[in-house]
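Please read the following report alongside the sequence and the coordinates. It moves from the chain as a whole to selected local features.

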Amino acid sequence: MKKPCGPLDMISDLPNNIIENILIRLPISDAVGTSVLSRKWRYKWVTLPHLVIDNSLGKKLLERQGQLGKCELVKVVYRLLLLHKGPLVKFSIEVDELDNCADIDNWINFLSNHEIQEFTLSGAKTDPFKLPSHLFTFQHLRHLKLRHCVLRPSNGFKGFNKLISLKLEEVIMDAKTIEWLVSSCPLLEQLIVISYTVYGSIEIRAPNLIVFSLTGEFASIVFKNTLFLEEVTVSLRHLNKYLKHTSSNLVKFIHSLPTVKKLYLEGYFLEYLSLGTVPKKLPIHFKNLKVLHIDEMDFSNLDEVLCALCLITSSPKLEELTIVAYAGDIAKDAVVEYFETQNLSHYSLKSLRLVTFEQISNFEPELEFIKFILANSPQLQEMKVIQTGVIVDEDECSMWRKLLRFRRASPRAEIVMVE
């Protein structure tokens, strides 16, 4: 057998599918640069089905050319699109320096001639970009992510029939637009909204929704026809305490979430749920809930404490509980009196295994709540107590002594203190 005359060119001999897999994982500027590697690699990048332009390219151009880098960035995007050959299914541009410009209109118009399945657009926060009508013709979209945009669907828009995930971050729109857009996407499985807009009531109708997350300011939220919803995160930035709540916010909210397995309550949302009448127990069992995370819980607020207790004791399959304390009012009498005068021994948190308390100090209502959890959790394996950063050594020792004296329903329960 004859030996090769020269060294093997392993790069040129790679199969086309391997080359494509390598190029897809590279930043676009590096992918373009691979043209110099060999004749086989030359302009291989122009057939990539994915074009991703991120902040690293924008920063690189600005460092080299200053403000002229913005113009160069626009030229680069035009070159990438004009030189591209073959199908294009993913286009992503996330550049902080990308100002509101007519060029974005042209790019989206160009992309409307392709069967785009994944589209991401994020521009300058100081100059939100109004999305053109061409975007609403992307009928093959499966993933849509928008940031720092103005969203107003055209009158002829009939929905994204194939969309399964939608993320809207600091997008200017009203509640009706959210409702209309979501209800027009029948296959939607994941919805994430992060907004600084103040909304009234929000109604979510999405028959295939599995994951939902909302961060913003709103008067109320309700879910309808969401029978597959498994994970819900709600973060309320501000609570309007002047709104009247004649019935239980907690009951109304839970009634629309019969299948939820993971629930994350953040910001002022627990306080919102505690408004109106807080029942001792929910009229229906939260029978599928396994993970509950409560952020910024004010242990000096009896209504918030009762709301949290109601959620926990109405969730027979709850396995993991995390509560982050909020350093609110120092008032404690009402909460301590409740735990001292009520007979709570009949509760059994029979599935609870892992518990975490964060930002805990030597505050009596917090310790009473911890005492309740320890005394009513027969399967508890570990309770992690993470202290607040301002606790002094004397208080720490006092807290340790109290925690160690508390009765534990589970002989295997271990308490871990973390500074």
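The paragraphs below take up the overall make-up of the chain, a cavity, a helix, a strand pair and two backbone angles.

This is a predicted model, in which local features need pLDDT of at least 70 and side-chain atom pairs count only at pLDDT 80 or more, while totals for chains, interfaces and linings use all residues. Residues are numbered from 1 along each chain as its sequence is written, and side-chain values use heavy atoms, with hydrogens and water left out.

The chain holds twelve helices and 18 strands, these being DSSP runs numbered from the N terminus (helices H or I, at least four residues; strands E, at least two). Of its 419 residues, 47% count as buried, where buried means under 20% relative accessible area, exposed over 50% and partly exposed in between, with a 1.4 Å probe and protein chains only. The chain exposes about 21300 Å², and carbon and sulfur atoms supply 51% of that area, as computed by the Shrake-Rupley method with a 1.4 Å probe. Among contacts (heavy atoms within 4.5 Å) between residues at least 6 apart in sequence, 67% join residues at least 24 apart.

Helix α5 (residues 102–111) has I104, W107, I108 and L111 buried. Seen down the axis of α5, these buried residues fall within an arc of 95 degrees, so they line one face of the helix; the arc is that of the directions from the helix axis to the C-beta atoms. An α-helix has 3.6 residues a turn, so residues three or four places apart point the same way.

I104 also appears among the residues nearest the centre of the largest cavity, together with L98, G123, F129 and H148, out of 13 lining residues. The volume of this cavity is about 40 Å³. A cavity here is a set of points on a 1 Å grid over the protein atoms alone where a 1.4 Å probe fits but cannot get out, and lining residues have an atom within 4 Å of a point.

Strand β11 (residues 220–224) has a covered face with I221 and F223, and an uncovered one with S220, V222 and K224. Strand β9 (residues 201–205) runs parallel to β11 and is joined to it by five bridges, where pairing requires at least two DSSP bridges. I204 stands opposite F223 in β11.

Two residues other than glycine with positive phi are set out below.

| Residue | Phi | Relative accessibility |
|---|---|---|
| E170 | near 50 degrees | 17%, buried |
| E296 | near 60 degrees | 34%, partly exposed |

E170 lies in the loop between β7 (165–169) and α6 (175–183), whereas E296 is placed in strand β14 (residues 291–297).

Note on methods
1 Å grid on protein atoms, 1.4 Å probe; cavity = no way out; pocket = protein on both sides within 12 Å on 5 of 7 lines; lining within 4 Å. Points joined across faces, edges and corners; volume = space filled by probe spheres on them.
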